[in-house]
Amino acid sequence: MKVKDYKEEQQVYISRMPEVLGRIYKRTPTACIFTYGCQQNVSDSERIKGMLCEMGYTIVDEAEGADFVLYNTCAVRGHAEDRVYGNVGAMKHYKKRHPEMIIAVCGCMAQQESVKDRIKKSYPYVDLVFGTHVQYRLPEFLYKRLNGSPRIFEISEGEEIIENIPVRRDGDFKAWLPIMYGCNNFCSYCIVPYVRGRERSRHPDEILSEARELVAKGYKDITLLGQNVNSYGAGCDFNLNFAGLLRKINDIEGDFRIRFMTSHPKDCTIELLDAMKDCEKVSRHLHLPFQSGSNRILSLMNRRYTREKYLSLVEESRLRMPDISLTSDIIVGFPGETYEDFCETLSLVEQVRFSSLFTFIFSPRNNTPAANMEDPVSREEKGKWFDELLKVQEKIGRQISEECVGQVYRVLCDDYGRKDGKMAGHTIGTAVVEFDGDETDLGKFINVKVEKISNVLEGTRID
């Protein structure tokens, strides 16, 4: 795998940016980033903010008055793209009032040729459009545009790993840690392999170095990211798979938790489940999208596992970790799905009893096989199935929450509660617990006994 060093690639532009910014703005310029989509996009935005800070920008939360506004976009569902077009359209008025403002669109949506062409034609006030493979070139794009270059549209592909990109993290004790990029699965409904490229894994030395740095800085919750973390290391010249990587990170000294997402069932192995069981720092949580309970629909989706295979993984995980929290994704109304197929999904949900689900009505994506499949079921009918699924999961979720009452959990306090004098945090699974406390508890592990349930679990702290 070819590796590029961000500093070496972009240093000439980084070093020149302070002079350019000072000449144009006569003050410290500001930048605002809007992020859509998955945790990988959130992590990408943290690196974009890191680059901007290195160039001399100050990060702000509002587009009004900002000198640089960037939309880091998602292409997984049509609704996300519609929101981006609407919000970018509203920027026209800001640009009129502030002509020196630079407006940019990047990310998965921007990697598509059709999107690039639409923005180029219909949004003439957008200065930069760049895809997922060239985000590290932001200093170069900004330098050229601020020095009079024509609008920049760059969506070229690349298979490199870019290291040493600076990071401005959004949190003080929870951190994202990318371990790989891209996807080789080509599920028939999914645009990700086309906009993120083929799988490429970071070298374990780089990952472990970043993990040690995070622990040394006091981060308590580290989430490993990849489109399919289970296939980490496949085809690489280093001999380490995802289970082995978990064990190595677990061996780092310090009091912290390890989470990861997302896992593909076809690559989930007994070796991985054993590593989760053995590693005391690894969260007892497995997000394992099954998408449909029907083998016929799974085949149409090109998921390459069966209902039976999925249920066997659930059984094996619970044999090793009876307290494991299982979550999943479901697509309702895939082209060709019948109500009988949907009922198989319902029965799987009832059999597994997930802690929570991320559920979606099928959204066709251009240039994917599923977009051309016959789809005779109406949106209204799919909506009825969707509501039926939500009712089933709501009942299961309530039952799982009730089983928590009376239990004591080690909670990482990571937020304020809904009322004054209350703090909130996550268990080693996925449950959110509220308890008495104040801001001095943030970032600390606290033992909490669950007393009752409302929208979340409520408990009292146990010293």
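Which residues does Phe242 touch, not counting residues up to four places away in sequence? Exercise 4 takes this up.

This is a predicted model, in which local features need pLDDT of at least 70, side-chain atom pairs count only at pLDDT 80 or more, and totals for chains, interfaces and linings use all residues. Residues are numbered from 1 along each chain as its sequence is written, and side-chain values use heavy atoms, leaving out hydrogens and water.

**Exercise 1. Lay out the sheet and find its edges.**

Step 1. Fix the terms. Strands (E, at least two residues) and helices (H or I, at least four) are DSSP runs, numbered from the N terminus. Two strands pair if DSSP finds at least two bridges between them.

Step 2. Write the order. The open sheet has six strands, β3-β2-β4-β5-β6-β7, with parallel pairing.

Step 3. Read off the edges. β3 (58-60) and β7 (152-154) each have a single partner strand, so one side of each lacks a neighbour in the sheet.

Step 4. Inspect one pair. Strands β4 (residues 68-73) and β5 (residues 102-107) run parallel and are joined by six bridges. Thr73 stands opposite Gly107 in β5.

**Exercise 2. Place helix α2 against the sheet.**

Step 1. Find the contacts (heavy atoms within 4.5 Å). Helix α2 (residues 39-55) touches β2 (30-35), β3, β4 and β5.

Step 2. Take the angle. Axes are lines fitted to C-alpha atoms, for helices over the stretch in contact, and angles run from 0 to 180 degrees between N-to-C directions. The direction of α2 makes about 170 degrees with that of β2.

**Exercise 3. Explain why Cys108 and Cys236 form no disulfide.**

Step 1. Apply the cut-off. A disulfide is a pair of cysteine sulfur atoms within 2.5 Å.

Step 2. Check Cys108. Its closest cysteine sulfur, in Cys74, is 6.2 Å away, too far for a bond.

Step 3. Check Cys236. The closest cysteine sulfur is in Cys183, 15 Å away, again too far for a bond.

Step 4. Widen the search. The whole structure has zero disulfides.

**Exercise 4. Describe the largest nonpolar core and the contacts of Phe242.**

Step 1. Define the core: buried (under 20% relative accessible area, 1.4 Å probe, protein chains only) Ala, Val, Leu, Ile, Met, Phe, Trp, Tyr and Cys residues joined through side-chain atoms within 4.5 Å.

Step 2. Pick the hubs. Among 58 residues, Leu224, Phe242, Ile249 and Met276 touch the most other members. Helix α13 (residues 379-404) gives the largest share, six residues.

Step 3. Answer the opening question. Phe242 touches Ile179, Leu224, Val229, Asn230, Tyr232, Phe260 and Leu272, not counting residues up to four places away in sequence.

Technical notes: Buried < 20%, exposed > 50% of the residue type's maximum accessible area, 1.4 Å probe, protein only.
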